[in-house]
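The following exercises concern helix packing and residue burial. Please work through each task before reading its solution.

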Amino acid sequence: MGRQRDTSTKDGNRSSLFCRDSVTQNDIDLENLNDNNMDNRNNFSLFCGRNRIAQDGCWACVSLIAAALVQFIVMGIHNSFGNMYQQILKEFKWKESTSAFIGSSAIGLNFLISPVATQLCESYNPQMVTILGGIISIAGLLAASFVTTDYAMFLSYSVVWGTGSSLCYASTYVVVGKLFHKHLAFAMGFVTAGSGVGGLAMSPSIERMLEAFGWKTTMRGLGILASCLIIAAITYREPIVSQESASTKKSWRQLFDCSLWCIPAFSMLTVSLTIFNFGYYIPIIHVQKYATDNGSSKYAASWLISCMSMPSVVARLVFGKLADHPRVNKLLMFQICLGIMALSTILCPFVSSEYAGFAVYMVIFGICEGCIVGTAPTLVAHIVGRQRISPALGLLFFSFAAPLTIGASFAGWLYRETNGYEKVFFVAGGTMILSLLLLWPVHCLSKAPPDIHTTNICIVDGENAEQNIEMTNIPDAATEKNVLLPVSSGDHESDSLKVSCNGSNGTSDLDKIL
C-alpha cells in the first residue's frame, strides 16, 4: 500500500491522495491547493504518464475517429446481413426463420456478452480488448465462407463473429465515455454515426460483391476488412487506469452490478428499450425482401438500407449536439423520435405498393433511429452518473440480446405463416408504441447525479523535467480514494516532489487550453 495523505477544504470535507508507484512510493508535497483549486469537491485525483491523455483533447478526437471506424465495420456488416439473407435462402433453401435467426443471433450475441466486454475494458484496457475482438472477428468471417450447413453457419457467423464484434463494439462506448466530458453527447453521437455510415456504404457494396463473386468470396472480403479493427485499436488511449489488482478482482465479482437495478429510472429505461429492440431490427433485416416481394429489383432494394443510413448519420450528429445543450430535454426528444418511428412502421404496409413508399419510410426510420441510438448512452450517463456508465451500458446491451435475436426470427416465422409482411410490420410498430408508453414514468424517476468533474493543470517539479499532468476528481466506488499515478517509470527512487495547481473559480488552465 502507498502512503495516504489527507487535505481538508473549508467546509471540513476531506480528500485523499493514494500514491502508487511500480517501485517506490513518493512523498507528495501539495502547495497552493486552496478551496478554489479543489472546486469545493470531496474527492480529487492526479493522473500522469506518457500513455495518458486529457479529456476532450486532440488525441481524444483521434481515438473517437478510430472508435467510429470500428462501429462502421461492425454494425455495417451486421446491418447488411439482409443482403446475404436472400443469397443464403436461394443457395441452401433453408427456412426463412432459420436464415433470419443466423443474422439476428449474431447481433443478439453482439449485445449479450457486452457486460463481459465492458468489464474486460475496465480490468485491462479497451485497446487490448478490441485487438482480441478483431482477431476473433476475422476468424469467424473467414470460417463462415467455408460452411455448407446451417449449424456450421450459426457457429462461425453467429457465435464467433458475434463474440468478436461484441468485444470491439462495447469497447467504443467505454473509450468515448472515458475520453470525453464536456462534449460527451456529441462524441456518443459521432461514434454511433460510424455505424450509420457503415450501413450507407456497405449495403450496396456487399450487394455488388454478392452479384459479382458470390457470398463465399464476399464473406472472405469482409474478413479482410475486419483486420482494420486491429489497426483502429492501436490509436486508443485512456486517461484513467485500474487502481489496484485487488480492486480489479473485486470488480469481476460485480460483473452484473445488481445495485443499478435499484435505480428505478434505469430499470424502467432498460425494460422499455428491451421491448423496443424486439421490433427495431425487424425492418432492417426484412425490408429488402419485403420490397422485392412487391416488385422491386434486388439492387434497388439494397439501397433501402442506405436510405436509412444517410439520414441516420446526420441525425446522430445533430441530435448529439442538441443533447449537449443544458436546456434540451433529452428524454422528451428521445420519446418524440420513438413515437414517429412506431407510427411510420405501422403505416409502411399501406405505402408498400411503390418503391418510393419504402424509400420514404426508411428515411424517416433512419432519422428517428439516429436520435435513439445516439442519445441512449447519454440518457444512461444522465441517470446513473458517468462513473457507472460502463457497467450500466453493459447491462443495457445485455438486455437487448434476447429481443434482437427473437424479433427477426419471429418475423420470419410470421411471414411464412401469413404469407406476407403486413402483420410483421404491425407487430414491430406495436412493440415500439409499448416501449414509448413505458418511458413516461422515467420523467418522474430520473434525476441527474451531481456533476463532480473538475480539471486543472498541475506542474510537477523535481529532478525530472517539468511535466503537465491532469487533475480530475473521479472517486473510486470501492475505496473512496483516488490514485496518483507515477510521475516516472524509472527504477530509481524519486526525491520529494512539489505539485502546484493553477486555477480559480472553477475555471482551469486545461479548460482554457482546450
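**Exercise 1.** Determine how helix 12 and helix 15 are oriented to each other, and state the handedness of their crossing.

*Solution.* Step 1: in this predicted model, the axes of helix 12 (residues 264-293) and helix 15 (residues 355-384) come within 12 Å and cross at roughly 155°. Step 2: angles over 145 degrees count as roughly antiparallel; helix 12 and helix 15 are therefore roughly antiparallel to each other. Step 3: the crossing of helix 12 and helix 15 is left-handed.

Step 4: helix 12 contributes to the contact through residues including Phe 266, Leu 269, Leu 273, Phe 276, Tyr 280 and Ile 284, while helix 15 contributes, among others, Phe 358, Met 362, Phe 365, Glu 369, Ile 372 and Val 380. Step 5: sorted by class, the contact of helix 12 with helix 15 has 22 nonpolar residues, no polar ones and one charged residue.

**Exercise 2.** Establish whether helix 5 is mostly covered or mostly open, and list its buried residues.

*Solution.* Step 1: helix 5 spans residues 114-123, and eight of its 10 residues are buried. Step 2: helix 5 is thus classed as mostly covered. Step 3: the buried residues of helix 5 are Ser 114, Pro 115, Ala 117, Thr 118, Gln 119, Leu 120, Cys 121 and Ser 123.

**Exercise 3.** Locate Arg 208 and classify its exposure.

*Solution.* Step 1: Arg 208 belongs to helix 8 (residues 184-213). Step 2: the relative accessible area of Arg 208 is 45%, so this residue is partly exposed. Step 3: between Arg 208 and Thr 218 there are 9.4 Å in space, C-alpha to C-alpha, and the two are 10 residues apart in sequence.

Notes:
Residues numbered from 1 in each chain as written. Predicted model: local features only at pLDDT ≥ 70, side-chain atom pairs only at ≥ 80, totals over all residues. Heavy atoms only, no water. Axes fitted to C-alpha atoms, helices over the stretch in contact; angles between N-to-C directions. Helix = DSSP H or I, 4+ residues; strand = E, 2+ residues; numbered from the N terminus. Parallel < 35°, antiparallel > 145°, perpendicular 65-115°, else oblique. Left-handed = near helix turned anticlockwise from the far one by under 90°. Contact = heavy atoms within 4.5 Å. Nonpolar A, V, L, I, M, F, W, Y, C, P; charged D, E, K, R; others polar. Buried < 20%, exposed > 50% of the residue type's maximum accessible area, 1.4 Å probe, protein only.
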